[in-house]
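Here are my notes on the structure you sent over, set out as numbered points. I hope they help when you have the model open beside you.

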Amino acid sequence: MSSASVAAVPAEPVLDGRKIFTFLCMVFGMFMAILDIQIVSASLPEIQAGLGASQDDIAWVQTAYLIAEVIMIPLSGYLSRMLSTRWMFALAAGGFTLMSLMCATATTIEEMIVWRALQGFIGGGMIPTVFASAYLIFPRSKFSLVSPLIGLVATLAPTIGPTLGGYLTELGSWHWLFLINVIPGILVTIAAISLIDFDEPDWSLFDRFDWVGFIAMAVFLGSMEFVLEEGAGDDWFQSEEILLFTLACGTAGVIFFWRVFTAEEPVVDLSAFKNKNFAMGSLFSFTMGIGLYGLTYLYPVYLSAVRDYSSLQIGETMFVTGAAMFLTAPIAGRLMSILDPRIMMGIGFAGFALGTWMVTGLTHDWDFWELFVPQILRGVSLMICMVPINNIALGMLPPHMIKNASGLFNLTRNLGGAVGLAVIGTVLTKREDFHYARLGESLNWARSTVMETKAMMDHAYSSLGQAADTASLKALSGIVTRESFVMAFADIFMILTMLFLTLLVALFFVEKPKMVGGGGGGH
């Protein structure tokens, strides 16, 4: 075995131009798939108007994609081993491209939901396949170059999604949110078929495919994603629908985990979690999902509801984070080769905590420049965190475990985002109600400040005659609502600050990775 390992080492570090170009094509495919999670978020009103959909139905354009994608991501490891990386990626890229075209031609909301679900399910296979390929085809000595690239794409795509979506809708129509994928998607599919030759298919896995485990996993993850997406808006378990899907999630979860531990060839292999660093890396990935998707949600909501920004203005404000990430990527790669990854993660977590702590002083007149430094800290910290997290989780695993582990690792980031958004939505509502009640109590007519403010407003609305009193009371109520909303936002940022400071403590449980040069796999 040692002689075989020695013989294998010289071949691993060889990096030809074809392999690098092939990988870049795959990365671009992954970029499209991750981008589509958020690209429609800023343009849902335009899609709603174009399809004549209701407010409840239009949310499914986003939800259907997320549910379908979260089912495919852990399944992709099994399919990649069965079909080979070439055909797995080609089918994912080609299917994603076709479904993008179908989304653009949809004329009813029902058609759109079906095509979006298929787009998310098929395209979701590209994401973990790229992560796995990065750690299988490149030697460890090159991880400091490869990791920043996939880390940048995984975090930059959802960050700039709303920005790009806003521009496309403003300059063209909502159809271009999907048509933009078609030409690049065709090129990526052709490149995948003609260039990928990393491994061979194992068709025997088809005969041993665990259909019961797959169906249980689909119901388990799909129901969980639905409950997390819709729960906050439906007051959680006050809704019979949420209660039903929670029951389905729990039942399917029991069956899924039973099949994982008893099936001859389970659809998802959880053995990677026995590796301490993979388990810790997945925990960090879960938490980074909260920070990545949570703040991508929070900033636009604040800017829209409080500052009355348009989709385009929100996109331009959010672009600061994307620019910071892009500029930090090469620095993060360089730091990988000279710093202990645990120190890098510590710097990243601390920077993220500092950025969210700065926003705890949020007021209703904050706009681009007040959010400028926190957004830079967020972008820089995301890159400095994600690169070592990827390496901690996947870079030290044996090659035969990486395909399955990549699916699990990417799943944790998506689930972190879903859980984070659900918790943020619920806490935001609860804290807004709390602050509204407290501020309402302080509006005591015996207080001179309140009387003076009311008198000023009465004077401002005096032109309305008898309606002046009603108008001033309504304006006063609006101020209380606005301030309670802003205070609730500040509370969320304080919670996020505490969360990322806690991760600094968790770093003590991470083992220092072995510094391996040259070899690509290593057992």
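1. Start with α9 and α15, which run roughly parallel to each other in this predicted model. The reason is the angle: the two helices pack at about 10°, and anything under 35 degrees counts as roughly parallel. Their axes are 10 Å apart, and α9 itself spans residues 143-171.

2. Which residues bring α9 and α15 together? On the α9 side they are Ala154, Thr155, Pro158, Thr159 and Pro162, and they meet Leu292, Tyr293 and Thr296 in α15. Sorted by class, this contact has five nonpolar residues and three polar ones, with no charged residue in it.

3. Now follow α15 to another neighbour. Helix α15 (residues 276-305) and helix α17 (residues 341-358) have axes that come within 13 Å and cross at roughly 30°. That angle makes α15 roughly parallel to α17, and the crossing is left-handed.

4. The α15 side of this second contact consists of Phe284, Met288, Gly291 and Leu295, while α17 brings Met345, Phe349, Phe352 and Thr356. By class there are six nonpolar and two polar residues, and again none that is charged. If you colour the model by residue type, Phe284 of α15 and Phe349 of α17 are among the residues to look for here.

5. The pairing of α13 with α19 is worth a look too. Helix α19 covers residues 399-442, and α13 packs against α19 at an angle of about 30° with the axes 8 Å apart. The two helices are therefore roughly parallel to each other. From α13 the contact takes Leu221, Met224, Glu225, Leu228 and Glu229; from α19 it takes Leu411, Leu415, Ala418, Val419, Leu421 and Ala422. These divide into nine nonpolar and two charged residues, with no polar ones.

6. Glu225 deserves a point of its own. Is this residue of helix α13 (residues 211-230) buried or exposed? Glu225 is buried, because its relative accessible area is 3% and buried means under 20%. Leaving aside residues up to four places away in sequence, Glu225 touches Leu66, Ile67, Val70, Leu415 and Ala418. Leu415 and Ala418 also belong to the contact of α13 with α19. Cys249 is 24 residues away from Glu225 in sequence, and their C-alpha atoms are 9.3 Å apart.

7. Ser76 sits in helix α5 (residues 60-83). With a relative accessible area of 2%, Ser76 is buried. Where does its side chain find a polar partner? A polar atom of the Ser76 side chain lies 2.6 Å from the backbone oxygen of Ile73. Beyond residues up to four places away in sequence, Ser76 touches Met88, Gly125, Pro128 and Gly407.

8. Two residues have a positive phi without being glycine, so please check both on your screen. Ser84 has a phi near 90° and is found in the loop between α5 and α6. Asp308 has a phi of about 60° and belongs to the loop between α15 and α16. Their surroundings contrast: Ser84 counts as buried at 2% relative accessibility, whereas Asp308 is exposed at 67%.

9. For an intermediate case, try Ile20 in helix α2 (residues 17-38). Its relative accessibility of 36% means that Ile20 counts as partly exposed, since that class lies between the buried limit of 20% and the exposed limit of 50%. Ile20 and Phe138 are 118 residues apart along the chain, yet their C-alpha atoms are separated by 9.2 Å.

10. Finally, the chain as a whole. How many helices and strands are there? The chain has 21 helices and zero strands. Of its 523 residues, 54% are buried. Among contacts between residues at least 6 apart in sequence, 84% join residues at least 24 apart.

Technical notes: Residues are numbered from 1 along each chain as its sequence is written. This is a predicted model: local features need pLDDT of at least 70, side-chain atom pairs count only at pLDDT 80 or more; totals for chains, interfaces and linings use all residues. Side-chain values use heavy atoms; hydrogens and water are left out. Axes are lines fitted to C-alpha atoms, for helices over the stretch in contact, and angles run from 0 to 180 degrees between N-to-C directions. Helices (H or I, at least four residues) and strands (E, at least two) are DSSP runs, numbered from the N terminus. Angles under 35 degrees count as roughly parallel, over 145 as roughly antiparallel, 65 to 115 as roughly perpendicular and the rest as oblique. A crossing is left-handed if the near helix is turned anticlockwise from the far one by less than a right angle, and right-handed if clockwise. Contact means heavy atoms within 4.5 Å. Ala, Val, Leu, Ile, Met, Phe, Trp, Tyr, Cys and Pro count as nonpolar, Asp, Glu, Lys and Arg as charged, and the others, Gly among them, as polar. Buried means under 20% relative accessible area, exposed over 50%, partly exposed in between (1.4 Å probe, protein chains only). A polar contact is a pair of N or O atoms within 3.5 Å; within protein, one must be able to donate a hydrogen and the other to accept it, and residues adjacent in sequence count only if both atoms are side-chain atoms.
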